[in-house]
Structure formats: structure tokens, C-alpha cells
Amino acid sequence: MNNDNIIGANAATNPAAPDYTANSAANDPLDFDDDPLSATGVSRKSLVIFFLIDTSGSMKGKKMGELNTVMEELIPEIRKVGEADTEVKVAVLTFSTDVRWMYSTPIPIEEFEWARLRASGVTSLGAALKELNVRMSRNGFLNSPSLSFAPVIFLMTDGYPSDDYKAGLKELQANSWYKFGLKAALGIGNEANDNILAEFTGSPDTVVHAYSGGQLAQMIKIIAVTSSQIGSKSMTLSDDTSHELGEEDVFAAKQKLLGQQIQELVGKTETDDVPFDTGW
Amino acid sequence: MFNGFSHSVMGASHEKTGLVCQDSSAYKVCDDYAVCVVADGHGSKKHFRSNIGSKFAVEATISTIDRFYADKESFEESFPKNHKLIIKNIQKQIISDWNRLVEEHIKNNPVTEEEKSKFTEEEFEAIQPESYYGTTLIVGVAGKKFTFGVQIGDGTLVALFDDGKAVMPMEYNEAAPANVTASMCNSNAAGLFSAFYRDKQKLIAMFTSTDGLYTSFGSEFDFLDYHTIITNQLGDIDSFKNIIVNNLTKRAHFGTEDDISLSCIYDKELLEEKSELIASEVSANKQRAADRKAERLKKHVETE
């Protein structure tokens, strides 16, 4: 190469031993007060948690009230979940007669505020699954340049779908984010059908049921916290024999771990409060 | 008159695993043209010499552009008329030069037993020698009458033309497979390039970067704004360069932990002429970012 006019050709600088003396803050060598470029933040690997929440009329009263309270309490707990290098974002899709996103885009957990939901209408689960399929794409909600973990998808419902949920599920099942996402579901009260929920998650191990307000609070916390912990974990892409593992192996390992941990934690829960369906 | 800078920093993940930096970067400025170039060696098992491959990609690019500009008058006259054809020719020449450098290197530095030890005999035999050096490449070239760029594999090119807006002008090659990183080492590499050409707008500044920079941002808006902020500071590049290096280091450390390379060229006179426009873009971008955040935090559900 003719170097006569080349002003710069670079080898790497090692971040472990840089010369920061001119710009260093006292305690953090990577915190620069005088950096106009800090206006555009550094993004970590992100994890989006999708909550699909049934807001049909049958959720009215104690179920919806309890769910709102638990979700308000849950947000600070999820903030602690992501490993230090994970940016957790939350997207909430409500479904009754219509489907609606709580926010128009996934919101970083630090900025997320729960909006207390109201229940009315029928249970359009199929429409919700179709809507999730549309938004769960690089052209939709997962458009951040930063790298993403496969999402966590958590479905909560108390009744039998009033529309063709199978059509929605079929569309969703072709979505790669869904295929590799961690899926869990919570049936609320006696009317929720665990078989349908297992169709959604792909395994009965990742379906749990809550029959009372106390159980609802416990189950939501168990599923949301466990799935986001596992979802934000970087699992090695090689096994003991140093063969490289594919994404499908990592997904299968994570989904299996989620099922095991949920079942283990659910087995330890105790509650003696009044079932939802008593007097309903 | 053109000026520029370039820098590569090592990603924290490579630091942890003891891998050397796989990126290379360079810039060249002359009276008649300027080149900014970065390359990102693949760094995975079978690309065990990709740090050298990325260096060769940068060298092959600069020497190719130099050759095309050797007869400056003729090149500047014919290029606007036949830019598609000539860009294809440039891509082929870069690939050819890179392959020649790779061949020479293998000849002078045969694969060692240690390098082979990571593979079974069958595995090793299945790898094409040029794959050892696999790398991406992103190039921006500014001439007096036109601007163009070529790219193979991941990475980004951002340009600020005389309207002061930061844009990504590369026209992506739909033939390149979306789920596989196109590489200089592919047997059909010359057909996997993307490119762009502009001759209606004057170039203020152009940046090429490896994908470690892009993936350290939460949004494409932020990524583009970042380049506008840098452009706004280029008038005092000697003081600002240290800040850029520190910022890249922070991104390579706290972002996706990948190596990051950034190379920039700019037209000093036009930059000075447009300094107020760029400064106003920086302020406008700040306001737009605040507006986007406010919009994002609006709730859309029926509440109690």
C-alpha cells in the first residue's frame, strides 16, 4: 500500500488500558463530563417482555383489581431483574372486544408506568395473537439497532376465547421471535382453559393457574420474574464438547429451564384466601 | 480541502475471550479525493486470521482507489457517465487485490499446527483458505464532483450532504442473503456488494463504521444524531478526537461489547460554510428526540 498520503490507518485500542487522564471522572474512567456525544446514550442488549392481558368483562372486579395492583408492584421488581448489561423493555397488549397496546412502543422498564386497566367486552384472543405477530418484528416493536434477546411473552386470561384463536395462533407460530421467545401463560379462575394456554406456550410446564387473588399475585410475580431472569441470561453457544450450538438449542434449553423453575416455584406457593369464583 | 480521522477500539467481549481486535480502519485525504474505510473481521472459529483479513481489505481498498485516480482527469470525466459500471469494476478490483494479499500471506505464513489443532482433519479440509481471513468492508469515497460508497457485509455509512441532514445513502443489494453476513471471502463476493452514487449534492462529511457502533444505539435516530454531533465538532478536530476515541471506547465497553471502528472524511471549506446549519440541526435533533420520547410515553388503553 502506498502510504504517502494516508493520514491514518488504525490498530485497535484496548479498552482495558486506555489513556483517559484528560477526560476522566474520579471514579469511573468511562464517564466523561465534557462529552457532547453522551447526548446519544449507549444501548445494552435488550429484552422485551410482552404481557398479553385479557381485559374482557369477566375480568371485572376482584380479578382486574388484583391484576392492576400486582402489575404496579411488579414493575420495580422487574427493574432489578435484568443483568447489569441488559436493558429490559415492557410492552402490554390488552384484549377484550378490541385489542390495544398500553404504549405505542416497548418502554424501557425505568420509564414504564402501569396504567390501571378497566375490564369490559368479549375475549378476542385470536385478534390479540394476530396483532402480536404484526408488531413482533424488526419493522415493528423490535426495531432497535442494539442486539436483542429473544422476547418473553406472558399471556393472562380468565376465559374461553370468543374468536378464532387458532387462526391467530397459526399466524404467530410462523413468527421467528415467537418461536425463539420464552412463552408462559396464566389461567385465572375456573373458566380459563389450560389446554389452550399450553397450545400457546407449547408446553403444559409453562402454564399455571390462579384461583384466588393471593395466587394471582404470586403466579404473576413468579412467571414474570423467572422468565425475565432466564430471558436476559446469555447462554453459551457451545457445549462441553465445544461443538457450536445453534439458536434453537439455546431456545430449547431456556424454555425447558423456564418450565422447570416455574413448576418448582409454583409447588412451593401457599395461599388460603378466597377463590375468585366463590360467589361470582 | 479534505480532512479526516479514523479509529478502531477493541470490544469488551473480545477482551474477555482473549481474541485480538478483528477490526481495521483507515482514511486517506488528497487534494482531489478522500477515502474513509473500515473492515470487520468475522472472528469466528474458521475465520482464524480475520484480523489480518480486515487489514488487507483496508489496504486493498486504498490501493484500488489510488489506481482509479491515477489518471484523475479521465476518471473524473468518465465516472459520472458510467458510474454503475465503474463501481462494479472497483468492487472487483478490491476483491482481486484482497485475494492477492491473502494468497501472498498464506504463502509466506503457512497455517501452523496450532491453528489446525482446533479442527478435525475433515473440518479443516472443508475450509477454503480465503475463509481464514473473512471480513466485511465499508468504503466511502469523496471526489470533487461526486460521492460514492461500496459495502460488503455488515456496517454502516452515514453522509451529511449540503442540506445538513445525516442520511444512510447505501442502496442495499437485495441479492445478498439477509440472514448471512456477506464477506470478502465468499466465492461470489463481487456480486454481493451494495453501493451508492451521488453527484447532485455536495458532501460535508462522510463516516463509515463497523456494526459494533450501530448496535451500541437504542434507535436509528440516535445513531444518525450522533454523526451530526460529531460533524458539528469537526472544526476543532484536534481537540475533539480524544472525546470521540473515549466515546467509542465507552460504547465498545458498555454497548454490545463488539469491536468498533469509525472512519471519517470531510470537506473543511464546506464544513465551515455550513457550520451554522449543522449547529441548528444538532439543536433540532435534540428537540425531536424530546418530542419522540413524550409521544412514546403516551398511554393508549382504557383506564379506571
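Guide: A residue counts as buried if 20 or more other C-beta atoms lie within 10 Å of its own. Keep in mind that this is a predicted model.

Visitor: Let's use that on chain B. How many of the residues of β3(B) are buried?
Guide: Take the two faces in turn. On one side are B:Tyr33, B:Val35, B:Val37 and B:Ala39, and on the other B:Ala34, B:Cys36, B:Val38 and B:Asp40, all of them buried. That leaves β3(B) largely enclosed by the rest of the structure, with the count of buried residues at eight of the eight.

Visitor: Why do the names on each face skip every other residue number?
Guide: The two faces of β3(B) carry B:Tyr33, B:Val35, B:Val37 and B:Ala39 on one side and B:Ala34, B:Cys36, B:Val38 and B:Asp40 on the other. The reason is that in a regular strand the side chains alternate between the two faces of the sheet.

Visitor: Who sits beside this strand? In β3(B), what is the bridge partner of B:Tyr27?
Guide: Start with β2(B), which pairs with β3(B) in the antiparallel sense over seven bridges. The two are joined by a hairpin through three residues. Across that pairing, the partner of B:Tyr27 in β3(B) is B:Cys36.

Visitor: And in β4(B), what is the bridge partner of B:Cys36?
Guide: β3(B) and β4(B), residues 137-143, also pair in the antiparallel sense, over six bridges. One of the bridges sets B:Ala34 against B:Ala142. For B:Cys36, the partner in β4(B) is B:Gly140.

Visitor: How many of the residues of strand β4 of chain B are buried?
Guide: Both faces are covered here too: B:Leu137, B:Val139, B:Val141 and B:Gly143 are buried on one side, and B:Ile138, B:Gly140 and B:Ala142 on the other. So β4(B) is largely enclosed by the rest of the structure, and the count is seven of the seven.

Visitor: In β5(B), what is the bridge partner of B:Val141?
Guide: β4(B) is joined to β5(B), residues 147-152, by six bridges, and the two run antiparallel. They form a hairpin with three residues between them. Across it, B:Val141 has as its partner B:Phe148.

Visitor: Now some helices. Is α8(B) roughly parallel or roughly antiparallel to α11(B)?
Guide: The axes of α8(B) and α11(B) come within 9 Å and cross at roughly 155°. Angles over 145 degrees count as roughly antiparallel. That makes the arrangement of α8(B) and α11(B) roughly antiparallel.

Visitor: Is the crossing of α8(B) and α11(B) left-handed or right-handed, and how do the residues of the contact divide?
Guide: The crossing is left-handed. Among the residues making the contact are B:Phe221 and B:Ile229 of α8(B) and B:Val282 and B:Arg292 of α11(B). By class, the contact residues divide into six nonpolar, four polar and three charged.

Visitor: Which element gives the largest share of the side of chain B that touches chain A?
Guide: Between the chains, 60 residues of chain B are in contact with 47 residues of chain A. Elements of chain B giving two or more residues to that side include β1, α2, α8, α9 and α11. By class, that side has 22 nonpolar, 21 polar and 17 charged residues. The largest share, eleven residues, comes from α9(B).

Visitor: Over to chain A. How many of the residues of strand β7 of chain A are buried?
Guide: From β7(A), A:Val152, A:Phe154 and A:Met156 point one way and A:Ile153, A:Leu155 and A:Thr157 the other, and all are buried. So the strand is largely enclosed by the rest of the structure, with a count of six of the six.

Visitor: In β8(A), what is the bridge partner of A:Thr157?
Guide: β7(A) runs parallel to β3(A), joined to it by five bridges, and there A:Leu52 stands opposite A:Leu155. β7(A) also pairs with β8(A) in the parallel sense, over six bridges. In β8(A), the partner of A:Thr157 is A:Gly187.

Visitor: How many of the residues of helix α2 of chain A are buried?
Guide: The buried residues, including A:Leu125, A:Leu129 and A:Leu132, pack against β3, β4, β5, β7 and α3 of chain A. So α2(A) is largely enclosed by the rest of the structure, and the count is nine of the eleven.

Visitor: Of the 280 residues of chain A, what percentage count as buried?
Guide: Chain A comes to seven helices and nine strands. Across its 280 residues, the buried share is 44%.

Key. Residues numbered from 1 in each chain as written. Chains lettered and ligands numbered in written order. Predicted model: local features only at pLDDT ≥ 70, side-chain atom pairs only at ≥ 80, totals over all residues. Contact = placed C-beta atoms within 7 Å. Helix = DSSP H or I, 4+ residues; strand = E, 2+ residues; numbered from the N terminus. Nonpolar A, V, L, I, M, F, W, Y, C, P; charged D, E, K, R; others polar. Axes fitted to C-alpha atoms, helices over the stretch in contact; angles between N-to-C directions. Parallel < 35°, antiparallel > 145°, perpendicular 65-115°, else oblique. Left-handed = near helix turned anticlockwise from the far one by under 90°. Buried ≥ 20, exposed ≤ 12 C-beta atoms within 10 Å, placed from the backbone. Pairing = 2+ DSSP bridges.
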